[in-house]
Amino acid sequence: MDHAELNARHQAVMPSWLALYYDEPIELVGGRGCRVTDAEGRTYLDFFGGILTNMLGYGLPEVREAITAQLDTGVVHTSTLYLIRKQVELAEKIARLSGIPDARVFFTCSGTEANEAALMLATQYRRSNQVIALRNSYHGRSFAAVAVTGNRGWSASSLSPVQVTYAQNGDRYRSPLGHLDDASFTRVCADDLRALIHTTTAGDVACLIAEPIQGVGGFTLPPDGLFAAYKEVLDEYGILFISDEVQSGWGRTGEHFWGYQAHGVVPDALTFAKGLGNGVAVGGVVARAEVMDCLTANSISTFGGNPLSMAAANATLDYVVRHDLQAHAAKVGTRILEGLRGLTERHPVVGEVRGKGLMIGMELVEPGTKTPAPAAATRVLEETKRGGLLIGKGGLYGNCLRLAPPLTLTEADADEGVAIIGAAIAQAWVPR
Ligand code: PMP
């Protein structure tokens, strides 16, 4: 069956809001290293890694063997009613890495569920259903997670009972305060957070939930230290800080293992998912024991922490740490950023190149303005595909290109990707 027929069947049986990339969507059927192959035999360099999920690329023997060994035991699932050795071991590792004192770990199967669990903990701990999120955020697709998602394109429902207000996200490029220097910008945003608490809440807010680098929002990042300034304000009111590390965790940002560490703060809870299983579904929340244990009723995720996902996740995390992929992400990411920054001068359609490590965004605009250019982003997506490269797209206006290759990307792969992007932008953007 060719991809056109499969696409037609997809459209006929899947929800209309489950969007596919590309005019002619592709079916990926194989992968090795940082390359994937589609059903028609075309190979692509993958700079999006299953939405930041295949963080060790494809077919890595260490992960495959861990999964196969677990399958060979005959046990894929037992449930959390029984001890699961690999779950305990992984929780110990993540608790240690989290930097959260007296940390407890609860495993889920997705980032949405992780955030849902964190919101449940914070609201229960504080006995308040008021939450502060950031503008332009994305935290998942569930009823509570869409409520704290500050992006019209992903807020599928406005009916959630969570009471949410939205603080400044720290994106200098789009902020009306963007002309201020870092210190002044940070101070004004923190003052605005205090004003927001005074004017839009009853004061006893449960938590602030934030992505250190906004993923779906187009890899926007605040100045380092913004969350420290926010935390000072939150501490005045006893409001918890939850760091959504679903995209920014596991060393992807290069300079730190977790995104929040760029700000010199320790959150009360962090949530994770995506890369940890290298493609196998796993997520979770880490919180101080006092917060985690505030629930007085039972709570369970039947599949959360199952032996198969734990086997994959332990092998993935061990590989990341053993090979210091955080340092590797810093090195290769800097190389990509430098390569792309040259494009800003040559192509005025590139409004901004930003990011850290292997989490790099490019915002496309109408030349000479900051007006978002989503059509240009769509064209570049098509051109990069034609050139043999998969990248992501996002941002509030759909005008941001997102590059988040596996953390195992080589420098040669990095250069190849940058060259394809350069050619795609030149091809897609015809000066008028
Ligand atoms: N938080 C962030 C920052 C995310 O990027 C995502 C997914 N894009 C989620 C939460 C939700 O994760 P999932 O799709 O696994 O439910």
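Modeller: The expected span of a helix is 1.5 Å times one less than its number of residues, and that definition is needed for one of the helices of this predicted model.

Colleague: How far does helix α8 reach from its first C-alpha to its last, set against the span expected at 1.5 Å a residue?

Modeller: Helix α8 covers residues 226-237, which makes 12 residues. At 1.5 Å a residue the expected span is 16 Å, and the helix comes close to that value, with a reach from first C-alpha to last of 18 Å.

Colleague: Which elements do the buried residues of α8 pack against?

Modeller: The buried residues in α8 are Leu226, Phe227, Ala229, Tyr230, Lys231, Val233 and Leu234. After the helix comes Gly238, with a positive phi near 75°. The partners of the buried residues are one helix and several strands, namely α7 (182-200), β5 (130-134), β6 (163-167), β7 (207-210) and β8 (240-244).

Colleague: Which helix gives the most residues to the shell around the ligand?

Modeller: The ligand is surrounded by 13 residues, of which Gly111, Thr112, Asp244, Gln247 and Lys274 are the closest. By class, the shell holds 7 polar, 3 charged and 3 nonpolar residues. The helix that gives the most to this shell, with 3 residues, spans 111-126 and is α5.

Colleague: How much of the area that the ligand exposes when taken alone does the protein bury?

Modeller: Polar side-chain atoms of Asp244 and Lys274 each lie by a nitrogen atom of the ligand, at 2.8 Å for Asp244 and at 3.1 Å for Lys274. In the side chain of Gln247, an N or O atom is 2.7 Å from an oxygen atom of the ligand. Of the 390 Å² that the ligand exposes when taken alone, the protein buries 83%.

Colleague: Why does Ile425 count as buried or exposed, whichever applies?

Modeller: Ile425 is part of helix α13, residues 411-428, and beyond its neighbours within four places in sequence it is in contact with Leu343, His347, Val349, Val350, Met362 and Val380. Its C-alpha is separated by 8.5 Å from that of Thr384, which is 41 residues away along the chain. Because the relative accessibility of Ile425 is 1%, and the limit is under 20%, the residue counts as buried.

Colleague: What separates the C-alpha atoms of Thr334 and Leu295?

Modeller: Thr334 belongs to helix α11, residues 325-346, and it counts as partly exposed because its relative accessibility is 39%. Along the chain Thr334 and Leu295 are 39 residues apart, and the separation between their C-alpha atoms is 43 Å.

How values were computed:
Residues are numbered from 1 along each chain as its sequence is written. This is a predicted model: local features need pLDDT of at least 70, side-chain atom pairs count only at pLDDT 80 or more; totals for chains, interfaces and linings use all residues. Side-chain values use heavy atoms; hydrogens and water are left out. A residue is near a molecule or strand if one of its heavy atoms lies within 4 Å of it. A polar contact is a pair of N or O atoms within 3.5 Å; within protein, one must be able to donate a hydrogen and the other to accept it, and residues adjacent in sequence count only if both atoms are side-chain atoms. Accessible areas come from the Shrake-Rupley method with a 1.4 Å probe; for residues, only the protein chains shown count as cover. Helices (H or I, at least four residues) and strands (E, at least two) are DSSP runs, numbered from the N terminus. Ala, Val, Leu, Ile, Met, Phe, Trp, Tyr, Cys and Pro count as nonpolar, Asp, Glu, Lys and Arg as charged, and the others, Gly among them, as polar. Buried means under 20% relative accessible area, exposed over 50%, partly exposed in between (1.4 Å probe, protein chains only). Contact means heavy atoms within 4.5 Å.
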